[in-house]
Amino acid sequence: MTLRKITLNLLLALLSPIVLHVGALQGIFKALISGKYETNGQRFASFYEYLTSIYDYGVFFLLYFVCLIFLLLPFQLIKDYERKAGRNYTFYRKFLTLFVLFMFYIVMLGCFVMNLFVADPWYVNLLYPGLAALFSLVFTSLTYFFIDRYEQDYTIPKKA
C-alpha cells in the first residue's frame, strides 16, 4: 500500500506543473494542431524545444517539489488520518479537502507574495477557484482510482 501511495503521488506531482501552467495549454494545443512551434516571436524547430521554452527545467522542478510537499503530502496525511480514525471519507470530502488546501495556498500567495487580486476586471480572479476545482477533481479522481479503492478493503476498525 505504501509503495502505491508513494509512486502515485510522485507521478501526480510530475503532472502538476503542466496542470498549474494552464495558460500555456491553449498555445500548446494550437502548436500541436498547426505544427508551428512559436512563442513570443521565437520559432522552434521541434516540439521538444517548444515545450522546454515554456516549461523551464528550474520552474518545472520547483513546482514539482512545491506541489509534492505542500499539496499532495498534506492531502495524503489527512486521508490516512481519517481512514485510521474509522470515518467514512467520501470522494466529495476528499475533493473538498484538496480544493481547500489549494485555495489556501492561492490566497496566501495572492495576499502576501504576489498581488494576484488586483486584476483590472474583477472577474479575472474567478479563474483561480476554477483552476483549483479542476486540479482537485483530476487529482482526487486519480488518487481514488489508483489508491483509495484498494485501501477501502483494508479499513481499520475503531477501537472500542
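## Starting at the edge of H6

Leu134 is partly exposed, with 43% of relative accessible area. This residue belongs to helix H6, and this is a predicted model, so treat every number here as coming from a prediction. From C-alpha to C-alpha, Leu134 sits 8.9 Å from Phe99, although the two are 35 residues apart in sequence.

Further along, Phe146 is another H6 residue. Its relative accessible area is 44%, so Phe146 also counts as partly exposed. Set aside neighbours within four places in sequence, and Phe146 is in contact with Arg4 and Leu8. The Leu8 pairing spans a good stretch of chain: 138 residues separate Phe146 and Leu8 in sequence, yet their C-alpha atoms are 7.5 Å apart.

## The rest of H6

H6 has 25 residues. From first C-alpha to last, H6 reaches 34 Å, close to the 36 Å expected at 1.5 Å a residue. That doesn't rule out a bend: a kink of about 50 degrees is centred on Tyr144. The buried residues of H6 include Leu131, Ala132, Phe135, Ser136, Phe139 and Thr140. Ile147, Asp148 and Glu151 are also among them.

Thr140 deserves a closer look. Is Thr140 buried or exposed? It has 0% relative accessibility, and the cut-off for buried is under 20%, so Thr140 counts as buried. A polar atom of the Thr140 side chain lies 2.6 Å from the backbone oxygen of Ser136. Beyond its neighbours within four places in sequence, Thr140 is in contact with Phe75, Phe91, Lys94, Phe95 and Leu98.

## H1 and what it packs on

How does the span of H1 compare with what its 19 residues should give? At 1.5 Å a residue they should span 27 Å, and the end C-alpha atoms are 26 Å apart, so the two agree. H1 has a kink too, of about 25 degrees at Leu14, shortly before the proline Pro17.

The buried residues of H1 are Lys5, Leu8, Asn9, Leu12, Ala13, Ser16 and Pro17. Which helices do they pack against? The partners are H4 and H6. As for how one helix can present a side like this, an α-helix has 3.6 residues a turn, so residues three or four places apart point the same way.

Leu63, found in helix H4, shows part of the H1 contact from the other side. Leu63 touches Ser16, Pro17 and Leu20, not counting residues up to four places away in sequence. Its relative accessibility is 26%, so Leu63 counts as partly exposed. Leu63 and His21 are 42 residues apart in sequence, with 9.7 Å between their C-alpha atoms.

## The nonpolar cores

The largest nonpolar core has 19 residues, and Leu71, Leu72, Phe102, Phe135 and Phe139 touch the most other members. Helices H1, H4, H5 and H6 are the elements that give two or more residues to this core. H4 gives the most, with 6 residues.

Leu72 is a good place to see how things meet. Leaving out residues up to four places away in sequence, Leu72 touches Asn9, Leu12, Ala13, Cys67 and Phe139. Three of these names should look familiar: Asn9, Leu12 and Ala13 are among the buried residues of H1. Phe139, in turn, is one of the buried residues of H6.

There's also a second, separate core of 9 residues, which includes Ala24, Ile28, Tyr50 and Ile54. Tyr50 turns up again among the aromatics, where ring pairs link Tyr37, Phe44, Phe47 and Tyr50 into a cluster. Searching the whole structure gives 13 aromatic pairs.

## Stepping back to the whole chain

Overall, the chain has 6 helices and 2 strands. Reading from the N terminus, the order is α-α-β-β-α-α-α-α.

How much of the chain is buried? Buried residues make up 32% of its 160 residues. Of the contacts with a separation of 6 or more, 70% come from residues 24 or more positions apart. The pairing of Phe146 with Leu8, 138 residues apart in sequence, is one example of that kind of reach.

Terms used. Residues numbered from 1 in each chain as written. Predicted model: local features only at pLDDT ≥ 70, side-chain atom pairs only at ≥ 80, totals over all residues. Heavy atoms only, no water. Core = buried A, V, L, I, M, F, W, Y, C linked by side-chain atoms within 4.5 Å. Buried < 20%, exposed > 50% of the residue type's maximum accessible area, 1.4 Å probe, protein only. Helix = DSSP H or I, 4+ residues; strand = E, 2+ residues; numbered from the N terminus. Contact = heavy atoms within 4.5 Å. Polar contact = N/O pair within 3.5 Å; in protein donor to acceptor, adjacent residues only side chain to side chain. Expected span 1.5 Å × (residues − 1). Bend = angle between axes of the 7 residues up to and from the residue. Phe/Tyr/Trp six-rings, centres within 6.5 Å; stacked < 30°, edge-to-face > 60°.
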